[in-house]
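Me: I am in my first year and would like to understand one part of this protein properly. Could you take a close look at a single residue and the helix it packs against, and then connect that part to the rest of the chain?

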Amino acid sequence: MKKTIFIAASLLLASSSTFAAKMAMPADAPASYEAECASCHMAYPPALLSEQSWKNVMSSLSKHFGTDASVDAKTQAEITSWLIKNAATRQKYSETAPENRITKTSWFIRKHDEVRVDVWKRASIKSPANCGACHIDAAKGIFSESNIKIPAK
């Protein structure tokens with residue numbers, strides 16, 4: 001019995017860290033998400049933000065972090081629906097993000113608290129939102145701490 005409990009606890013702990021490290025892009029991503037959103041930045045896995053945060057982001061595309069990212073109504077509805085369907089469900093990730101920014105969520109800040117401010121300003125990184133600068137497999141939704149390479153410049 002003790003062995004079974006130990007194995008179950010070990011699997012639970014392993015799966016929780018695996019979830020944090022891997023947030024694969026859902027297979028049903030609409031082509032419009034890649035075409036519209038990833039044309040300017042990484043196509044973020046929808047599980048990085050809550051349903052409310054995605055609603056907020058998609059309802060303010062004309063003022064999308066200093067840029068007009070407006071799309072036609074059909075495309076906006078398609079992307080919004082998909083993001084909401086695949087939004088974060090785990091409590092740890094489901095807070096409404098301050099300013100609708102992934103980088104302002106408590107879990108992001110906690111995971112990156114050891115990164116010095118000057119590192120974010122390096123020319124090859126530019127901002128905390130540039131996941132792919134350090135997370136080698138970010139485009140695949142893999143954010144494992146064991147697969148990070150922080151650029152020197």
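Reply: Tyrosine 33 is found in helix α2, and in this predicted model the residue counts as buried, with a relative accessibility of 2%. When residues up to four places away in sequence are not counted, tyrosine 33 touches Met25, Ala38, Ala43, Tyr44, Trp54, Ile79, Trp82 and Leu83. One of these partners, alanine 43, is ten residues apart from tyrosine 33 along the chain, and the C-alpha atoms of the two are separated by 7.3 Å.

Three names in that list, Ile79, Trp82 and Leu83, are also among the buried residues of helix α4, and this is the helix to examine next. Helix α4 covers residues 73–85, which makes 13 residues, and from its first C-alpha to its last it reaches 18 Å, close to the 18 Å expected at 1.5 Å a residue. Its buried residues are Thr75, Ile79, Thr80, Trp82 and Leu83. Seen down the axis of α4, these buried residues fall within an arc of 165°, so they line one face of the helix. It helps to recall that an α-helix has 3.6 residues a turn, so residues three or four places apart point the same way. On the other side of α4, Ala73, Lys74 and Lys85 are exposed. As for what lies over the buried face, the cover of the buried residues of α4 includes α2, residues 31–37, and α3, residues 51–58.

Two polar details belong to this same helix. At its N-terminal end, aspartate 72 acts as a cap, with a side-chain oxygen 3.1 Å from the backbone nitrogen of lysine 74. Within the helix, threonine 80 counts as buried because its relative accessibility is 16%, which is under the 20% limit for that word. The side chain of threonine 80 reaches the backbone oxygen of glutamine 76 at 2.7 Å.

Returning to tyrosine 33, its partner tryptophan 54 gives a second view of the packing. Leaving aside neighbours within four places in sequence, tryptophan 54 is in contact with Tyr33, Pro45, Pro46, Leu49, Leu83 and Ala87, so that Leu83 of helix α4 is a contact of tryptophan 54 and of tyrosine 33. These residues also appear in a wider group, for the largest nonpolar core has 33 residues, and Tyr33, Tyr44, Leu48, Trp54, Leu83 and Ile102 are the ones that touch the most other members. This core draws at least two residues from each of α2, α3, α4, α5 (106–111) and α6 (117–120). In soluble globular proteins, nonpolar side chains tend to be buried together.

The chain as a whole gives this part its setting. There are six helices and zero strands, and 36% of the 153 residues count as buried. Among contacts between residues at least 6 apart in sequence, 58% join residues at least 24 apart. The accessible surface comes to about 9700 Å², and 58% of that belongs to carbon and sulfur atoms.

A few residues outside the helices complete the picture. Histidine 41 has its place in the loop between α2 and α3 and counts as partly exposed, at 28% relative accessibility. Although histidine 41 and alanine 129 are 88 residues apart along the chain, their C-alpha atoms are separated by 8.6 Å. In the loop between α4 and α5 lies asparagine 100, which is buried at 18% relative accessibility and has a positive phi of about 60° although it is not a glycine. Lysine 126, in the segment after α6, also has a positive phi, near 70°, in a residue other than glycine, but lysine 126 is exposed, at 68% relative accessibility. These two angles deserve attention when set beside the general rule, by which most residues other than glycine have a negative phi. Aspartate 137 likewise has its place in the segment after α6; this residue is buried, with a relative accessible area of 19%, and, leaving aside its neighbours within four places in sequence, is in contact with Ile142 and Asn147.

Terms used: Residues are numbered from 1 along each chain as its sequence is written. This is a predicted model: local features need pLDDT of at least 70, side-chain atom pairs count only at pLDDT 80 or more; totals for chains, interfaces and linings use all residues. Side-chain values use heavy atoms; hydrogens and water are left out. Helices (H or I, at least four residues) and strands (E, at least two) are DSSP runs, numbered from the N terminus. The expected span of a helix is 1.5 Å times one less than its number of residues. Buried means under 20% relative accessible area, exposed over 50%, partly exposed in between (1.4 Å probe, protein chains only). The arc is that of the directions from the helix axis to the C-beta atoms. Contact means heavy atoms within 4.5 Å. A polar contact is a pair of N or O atoms within 3.5 Å; within protein, one must be able to donate a hydrogen and the other to accept it, and residues adjacent in sequence count only if both atoms are side-chain atoms. A nonpolar core is a set of buried Ala, Val, Leu, Ile, Met, Phe, Trp, Tyr and Cys residues joined through side-chain atoms within 4.5 Å. Accessible areas come from the Shrake-Rupley method with a 1.4 Å probe; for residues, only the protein chains shown count as cover.
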